[in-house]
Amino acid sequence: MRIDPHSGLVSRARHVASPNCDERPPETVVDLVVIHGISLPPGQFGGPWIDALFTNTLSPRAHPYFEQLHGLRVSSHLLIRRRGEVIQYVPLHRRAWHAGVSRFEGRERCNDFSIGIELEGADHRPYTEAQYRRLLGLLRAIMVAYPAVTPARIVGHCHVAPGRKSDPGPVFDWQRLHVELCVPGSEDETLCISP
């Protein structure tokens, strides 16, 4: 996968534009990736509902759970479906509305300086091999396009909003992610510390 530095678009991703984004603050360096987990309705996979949520077209009448989401304005840069399909909602150079009230290393408003990646899943359901393969490819491309993002700066929603969020959940394989992203013998071992 490749990232176009001018458009902020990821190659081989299906593009579904979300209105729920804006410009990052001036001079912002993107140096964090936040991994999320999402399923709509909770625990159910497939269907048009995530696209609808991120494009403000989710009908509260389509499912009882959706009533509590009515009027919510959220987005993520990217979604990886269970079979590995990648959908992009927001160009990477723009600010997606994914992390909410959040903090990382003392800095608040993680949306300002992060890229949000949603994995279709639930906290206690293992993610698929296709999702891990696609996520690793995306993260490698992001680290090339945004050199300030290192393996140590790839975290979960649970790490930037502890107590409020639990995703991507306890079944997410952080060890695999960091082992496969770290360069053996790296001079800076802090690059390979997992959250």
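## Around strand E3

Ile35 stands opposite Ile117 in E9. That pairing is a handy way into this predicted model, so to speak, through the middle of its sheet order: the open sheet has six strands, arranged E1-E5-E4-E9-E3-E10, with mixed pairing. Out at the edges are strand E1 (14-15) and strand E10 (154-156), each with a single partner strand, so one side of each has no neighbour in the sheet.

Let's look at the neighbours of E3. On one side, E3 and strand E9 (residues 114-120) run parallel and are joined by seven bridges. Gly37 also takes part here, with Leu119 as its bridge partner in E9. On the E10 side, the pairing with E3 is parallel too, over three bridges. Ile35 turns up again in this pairing, where its bridge partner in E10 is Gly156.

Here are the bridge partners side by side:

| Residue | Bridge partner | Partner strand |
|---|---|---|
| Gly37 | Leu119 | E9 |
| Ile35 | Gly156 | E10 |

Now for the helices. Helix H2 (residues 129-145) packs on the sheet and touches E3, strand E4 (78-80), strand E5 (86-88), E9 and E10. The direction of H2 makes about 170 degrees with that of E9. Helix H4 (residues 174-181) packs on the sheet as well, touching E3 and E10, and its direction makes about 170 degrees with that of E10.

Which residues of H4 are buried? They are Trp174, Arg176, Leu177, His178 and Leu181. These buried residues pack against E3, H2, E10 and helix H3 (157-160).

How many of the seven residues of E3 are buried? Six of them are, so E3 is largely enclosed by the rest of the structure.

E3 also has a part in the largest pocket, which holds about 630 Å³ of space. Of the 26 residues lining that pocket, Gly37, Ile38, Glu118, His157 and Lys165 are the closest to its centre. Gly37, then, both pairs with Leu119 in E9 and belongs to that central group. Strand E3 (32-38) and helix H1 (49-54) each supply at least two residues of the lining. The largest share comes from E3, with three residues. As for the chemistry of the lining, twelve residues are nonpolar, nine are polar and five are charged.

To pull it together: E3 pairs in parallel with E9 and with E10, is touched by H2 and H4, and gives the largest share of the lining of the largest pocket.

Key:
Residues numbered from 1 in each chain as written. Predicted model: local features only at pLDDT ≥ 70, side-chain atom pairs only at ≥ 80, totals over all residues. Heavy atoms only, no water. 1 Å grid on protein atoms, 1.4 Å probe; cavity = no way out; pocket = protein on both sides within 12 Å on 5 of 7 lines; lining within 4 Å. Points joined across faces, edges and corners; volume = space filled by probe spheres on them. Helix = DSSP H or I, 4+ residues; strand = E, 2+ residues; numbered from the N terminus. Nonpolar A, V, L, I, M, F, W, Y, C, P; charged D, E, K, R; others polar. Pairing = 2+ DSSP bridges. Contact = heavy atoms within 4.5 Å. Axes fitted to C-alpha atoms, helices over the stretch in contact; angles between N-to-C directions. Buried < 20%, exposed > 50% of the residue type's maximum accessible area, 1.4 Å probe, protein only.
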